[in-house]
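User: Got a model here and I'd like to talk through its charged pairs and cysteines. Can you pull it up?

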Amino acid sequence: MNKKLHCITQKIDNIHFALLRFQDKKDRVTMHVTAKSNEDNTLICITTGSEDLKKLANKRVNLIQKSEDDYLYVSGEVKEKLDRNKKIFFISIVKACWFVRKSRGTLSWLQEKHIYDISPQDDLELAS
């Protein structure tokens with residue numbers, strides 16, 4: 001596992017609780033989940049509500065966590081479900097970011113701590 005991703009997933013494991021957001025047809029859906037890292041580049045998520053997981057199949061989702069001054073954002077794809085009754089599913093991580101809130105006086109901002117990104121990048125051609 002990538003060193004930056006390992007640091008981010010350790011923080012995810014420490015926080016546990018998260019918001020999961022995705023687009024379902026024309027609606028933006030937000031769910032409360034518990035997240036835990038897996039051995040590979042995936043997260044195991046458990047829904048805390050009575051949501052139907054069928055609408056999550058193969059969707060692009062965003063997982064958001066906050067803990068004190070730490071903010072985590074994970075973008076990925078739902079890969080598979082373990083058991084409908086237990087509401088468990090896997091997210092394959094495409095991008096993961098960890099930001100820390102910094103402040104000086106009345107000014108505050110988010111500063112990058114770790115970023116992991118395997119999303120496809122458009123190749124840029126060099127100007128000649």
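**Salt bridges and cysteines**

Analyst: Here's a pair to start with: lysine 11 and aspartate 70 join their side chains in a salt bridge, 2.9 Å from N to O. By salt bridge I mean a side-chain nitrogen of Lys or Arg within 4 Å of a carboxyl oxygen of Asp or Glu. Lysine 11 sits in helix α1 (residues 3-15) and aspartate 70 in strand β5 (residues 70-83), so this pair ties together parts that are 59 residues apart in sequence. Helices (H or I, at least four residues) and strands (E, at least two) are DSSP runs, numbered from the N terminus.

The model is predicted, so local features need pLDDT of at least 70 and side-chain atom pairs count only at pLDDT 80 or more, while totals for chains, interfaces and linings use all residues. Residues are numbered from 1 along each chain as its sequence is written, and side-chain values use heavy atoms, with hydrogens and water left out.

User: Is lysine 11 buried or exposed? And what about aspartate 70?

Analyst: Lysine 11 is buried, at 16% relative accessibility. Aspartate 70 is buried too, with a relative accessible area of 14%. The cut-offs: buried is under 20% relative accessible area, exposed is over 50%, and partly exposed is in between (1.4 Å probe, protein chains only).

User: How many salt bridges turn up in the whole structure?

Analyst: Searching the whole structure gives four. One of them pairs the side chains of arginine 60 and glutamate 77, at 3.7 Å from N to O. That one links distant parts of the chain, with arginine 60 in strand β4 (residues 60-67) and glutamate 77 in strand β5, 17 residues apart.

User: What else does glutamate 77 form a salt bridge with?

Analyst: Lysine 79, where the closest N and O atoms are 3.2 Å apart. With partners shared, Arg60, Glu77 and Lys79 become one network of salt bridges.

User: How accessible are those three?

Analyst: Arginine 60 is partly exposed at 45%, glutamate 77 is partly exposed at 30%, and lysine 79 is partly exposed at 44%.

User: Switching topic: how many disulfides are there?

Analyst: Zero, from a search of the whole structure. The criterion is a pair of cysteine sulfur atoms within 2.5 Å.

User: So where does that leave cysteine 7 and cysteine 97, buried or exposed?

Analyst: Cysteine 7 is partly exposed, at 24% relative accessible area, whereas cysteine 97 is buried, at 5%.
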